[in-house]
Amino acid sequence: GDAEREAIQAEGNGEAAETRRVPTDGEREAYGRGLIAADEIKARRLLAQWPDPLDFAELALRAPTKPQFILADWLPIGYATLLAGHGGVGKSAIGLHLAVCVAMGLPFFGIATERMRVLYLSCEDRESILHWRLTHICAWLGLNMAELAGQLDILDLVGQDVVLWERDPRTGYTITPAFDRLAARVELTRPRLLIVDGVSDTFGGNENARTEVKRYINALLSPLGADGALLILGHVAKPAAASGATGDGYSGSTQWHNAVRARWYLYPETEKGEDGERDRRSGKLMLELQKSNLGRTDQALTFQWNDEARLFLATSAFGAGAIGGGLLDSIRRNKADRVILDAFRKLTSMGQSPSDGTTSTSYLPRLAFDFKLGEGLTKRELGDAMRRHMTDRKLKREQIGTYSNRSPRYGLKET
């Protein structure tokens with residue numbers, strides 16, 4: 001019984017003791033190397049999540065690349081930019097106008113743009129409003145809206161789940177289903193400029209928490225890569241909106257200022273009241289470049305509602321050193337581009353055959369003047385616009401018939 005069990009147990013312990021031995025120095029060293037190798041593998045896996053250090057030897061062999069912009073000083077490539085303003089001030093309309101200009105490589109009120117594909121997330125305006133605005137923007141710029149296909153993608157996300165960053169209280173993870181959908185679309189269509197309208201719809205964190213603000217912005221930048229850019233539209237706090245030009249130009253933590261490389265502030269211009277009266281709005285909007293880490297900040301645009309265009313249009317610019325003095329010229333060029341195309345379409349619908357021959361009675365600018373379709377522009381401005389459209393292949397010269405002597409007759413056709 002018990003004695004037999006104790007004997008068997010003692011015998012087993014003796015065998016275990018006999019088989020147990022002290023490792024040799026070589027075995028200890030090999031075991032230590034194994035632990036070190038495992039630690040190195042773990043470390044390398046962690047390091048792989050960050051880029052390698054700068055290769056100074058390689059950098060020394062090539063010239064540095066200056067900072068790149070979509071709009072000089074205003075919208076840097078590779079970084080985030082914030083366009084902030086009080087609700088209803090006009091951020092969405094101006095952001096959409098910018099999207100069209102960048103998508104087509106057209107100047108944004110006198111500021112040259114780099115043409116690139118744009119993805120615009122509209123979380124506040126539905127398709128009907130977007131269509132109305134786009135119709136007037138394209139008319140002002142002399143564009144056929146169909147030309148935007150393949151260059152500008154606009155998503156009507158009103159009523160959709162669009163929170164792109166939110167901390168899960170159970171797991172701590174911040175990737176949301178909406179972010180997965182955004183990343184998939186970026187991977188599929190490869191836009192270089194992402195415009196998010198707006199922050200209040202897509203940021204599910206605490207606007208006063210610095211780390212959450214930074215992680216939100218980094219998350220939106222990450223799918224775009226180093227040659228992409230992010231423009232986010234956000235609101236300002238009520239006290240800042242009331243302060244106008246003297247306000248901070250953002251709401252919440254100072255990280256909204258620090259986490260972006262450029263920051264724009266849009267606010268209504270006010271005029272000083274007299275004899276103790278309250279300041280009153282002038283009807284104009286001021287768009288200030290309040291921060292630009294990579295460029296100049298002494299710049300601003302003044303916008304005013306244009307009844308003819310049904311748009312807010314820039315009427316003056318500050319900071320001519322960066323923008324140049326051609327803002328008003330640019331506005332007239334854009335108008336001429338639109339007017340000459342409208343005139344061409346109306347004339348052809350009336351049975352006219354406009355041509356580009358300057359001595360011809362059917363010269364397009366001359367016909368536009370004769371039929372009072374010039375909208376106050378000069379023949380020279382209309383002629384320059386016609387030639388720009390021919391260069392861009394929107395209009396082309398081709399044979400439209402023959403004269404009585406059987407010589408070919410040429411006219412213009414819209415492509």
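This talk walks through some local features of the structure shown above, from its cysteines to its salt bridges.

Before I begin, please keep in mind that this is a predicted model, in which local features need pLDDT of at least 70 and side-chain atom pairs count only at pLDDT 80 or more, while totals for chains, interfaces and linings use all residues. Residues are numbered from 1 along each chain as its sequence is written, and side-chain values use heavy atoms, with hydrogens and water left out.

Let me start with the cysteines. A disulfide is a covalent bond between the sulfur atoms of two cysteines. In the computation, a pair of cysteine sulfur atoms counts as a disulfide when the two are within 2.5 Å, and a search of the whole structure on that basis finds zero disulfides. Cys101 is in no disulfide, and the nearest cysteine sulfur to its own, that of Cys138, is 9.7 Å away. Cys138, in turn, is in no disulfide either, its nearest cysteine sulfur being that of Cys101 at 9.7 Å. How accessible are these two residues, if we call a residue buried under 20% relative accessible area, exposed over 50%, and partly exposed in between, using a 1.4 Å probe and protein chains only? Cys101 has 1% relative accessibility and therefore counts as buried, and Cys138, at 2%, counts as buried too.

Now to the helices, which, like the strands, are DSSP runs numbered from the N terminus, with helices being H or I and at least four residues, and strands being E and at least two. Helix α6 covers residues 177-189, which makes 13 residues. The expected span of a helix is 1.5 Å times one less than its number of residues, so α6 should span 18 Å, and its end C-alpha atoms are 19 Å apart, which agrees. Which residues of α6 are buried? They are Ala178, Phe179, Leu182, Val186 and Thr189. Because these residues cover an arc of only 110° around the axis, they sit on the same side of α6, where the arc is that of the directions from the helix axis to the C-beta atoms.

Just after that helix, in the loop between α6 and β6, we find Arg190, which has a positive phi of about 55° although it is not a glycine. Arg190 is exposed, with a relative accessible area of 53%. Phe109 also has a positive phi, near 50°, in a residue other than glycine, and its place is in the loop between α4 (91-104) and β4 (118-122). Phe109, however, is buried, with a relative accessible area of 4%. One more backbone feature deserves a look, namely the peptide bond from Asp197 to Gly198, which is cis, with omega near 15°. Gly198 lies in the loop between β6 (193-197) and α7 (199-202).

Finally, the salt bridges, where a side-chain nitrogen of Lys or Arg is within 4 Å of a carboxyl oxygen of Asp or Glu. How many salt bridges does the structure hold? There are 17 of them, and I will show you three.

In one, Glu212 pairs with Arg167, the closest N and O atoms being 3.9 Å apart. Glu212 lies in helix α8 (residues 210-221) and Arg167 in the loop between β5 (152-156) and α6, so this pair ties together parts that are 45 residues apart in sequence. Glu212 is buried, with a relative accessible area of 16%, whereas Arg167 is partly exposed, at 34%.

In another, the side chains of Arg345 and Glu414 meet at 2.6 Å, N to O. Here Arg345 belongs to helix α12 (residues 327-349) and Glu414 to strand β13 (residues 408-414), so the pair ties together parts that are 69 residues apart in sequence. Arg345 is partly exposed, with a relative accessible area of 31%, and Glu414 is partly exposed as well, with 33%.

The remaining example joins the side chains of Lys396 and Glu398, at 3.6 Å from N to O. Lys396 counts as partly exposed at 39% relative accessibility, and so does Glu398 at 27%. To close, salt bridges that share partners join Glu308, Arg338, Asp342, Arg345, Glu375 and Glu414 into one network, and among these residues you will recognise Arg345 and Glu414, the pair whose side chains meet in a salt bridge.
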